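I opened this notebook to keep track of what I looked up, one entry for each topic. My plan is to begin with a single residue and to work outward from there.

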Amino acid sequence: QVQLVESGGGLVQAGGSLRLSCAASGRTSSPYVMGWFRQAPGKDRNFVSAVSRDGGMTYYADSVKGRFTISRDNAKNTVYLQMNSLKPEDAAVYYCAASHLPFGSTSYTYWGQGTQVTVSS
């Protein structure tokens, strides 16, 4: 089992920045592919970004490309999502997820509880 705990959410003005963190614990001896997802009220949960086990490959949804950066520190079992130039439409609950499948898979096994991001216009 892997436990994921997100932090770093909050209220920010449009154009501002936030950095989300996701700390993993439990069976972390082998790194997982890590991803970020988000869900706005009344909408489906959508993919935001993913990073490979060694951090060498990343992937972004078109809506965040060029504004968000995913990274990881395997020594700390932590993955980050740096969010810049935030827009009101970025407001959502952001979830961290871990997958034991190859990078590029859309299936994630473990999920965090989420952290709220609110963007004021």
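**Entry on R67.** I looked first for the place of R67, and in this predicted model I found R67 in the loop between β6 and β7. I then asked myself whether R67 is buried or exposed. Its relative accessibility is 11%, and because buried means under 20%, R67 counts as buried. Leaving out residues up to four places away in sequence, I listed what R67 touches, and the list reads Q82, M83, N84, S85, L86, K87 and D90. One polar contact I noted goes to the backbone, where the side chain of R67 reaches the backbone oxygen of S85 at 3.0 Å. I also looked up the separation of R67 from A14, and the two are 53 residues apart in sequence and 13 Å apart in space, taken from C-alpha to C-alpha.

**Entry on the salt bridges.** How many salt bridges does the structure hold? I counted three, and I went through them in turn.

The side chains of D90 and R67 meet in a salt bridge at 2.7 Å, N to O. This pair links distant parts of the chain, since D90 sits in the loop between β8 and β9 while R67 sits in the loop between β6 (58-60) and β7, 23 residues apart. I noted that both D90 and R67 are buried.

D90 also meets the side chain of R38 in a salt bridge, this time at 2.9 Å, N to O. Here too distant parts of the chain are linked, with D90 in the loop between β8 (78-83) and β9 (92-99) and R38 in strand β4 (residues 33-39), 52 residues apart. Both D90 and R38 are buried. Salt bridges that share partners thus join R38, R67 and D90 into one network.

The remaining entry on my list is the salt bridge in which the side chains of K65 and D62 meet at 3.0 Å, N to O. I checked the accessibility of each partner: K65, at 48%, counts as partly exposed, whereas D62, at 66%, counts as exposed.

**Entry on R72.** I turned next to R72, whose place is in strand β7 (residues 68-73). Which side chain of opposite charge is nearest to R72? It is D54, at 7.2 Å, and R72 is buried yet has no salt bridge; a salt bridge needs the nitrogen and the carboxyl oxygen within 4 Å, so D54 does not qualify. I did find polar partners for R72, however: a polar atom of its side chain lies 2.8 Å from the backbone oxygen of S52, and a polar contact of 2.7 Å joins the side chains of R72 and N74. Beyond its neighbours within four places in sequence, R72 is in contact with several residues, among them P31, Y32, V51, S52, D54, G55 and Y80.

**Entry on the sheet.** Since R72 lies in β7, I looked up the sheet that contains this strand, and found four strands forming an open sheet in the order β1-β3-β8-β7, with antiparallel pairing. β1 (2-7) and β7 stand at the edges, each with a single partner strand, so one side of each is left without a neighbour in the sheet. From one strand to the next, the twist averages 15°. I followed one pairing in detail: β1 and strand β3 (residues 18-26) pair in the antiparallel sense over six bridges, and Q3 stands opposite S25 in β3.

Notes
Residues are numbered from 1 along each chain as its sequence is written. This is a predicted model: local features need pLDDT of at least 70, side-chain atom pairs count only at pLDDT 80 or more; totals for chains, interfaces and linings use all residues. Side-chain values use heavy atoms; hydrogens and water are left out. Helices (H or I, at least four residues) and strands (E, at least two) are DSSP runs, numbered from the N terminus. Buried means under 20% relative accessible area, exposed over 50%, partly exposed in between (1.4 Å probe, protein chains only). Lys and Arg count as positive and Asp and Glu as negative; His and the chain ends are not counted. A polar contact is a pair of N or O atoms within 3.5 Å; within protein, one must be able to donate a hydrogen and the other to accept it, and residues adjacent in sequence count only if both atoms are side-chain atoms. Contact means heavy atoms within 4.5 Å. Two strands pair if DSSP finds at least two bridges between them. Axes are lines fitted to C-alpha atoms, for helices over the stretch in contact, and angles run from 0 to 180 degrees between N-to-C directions.
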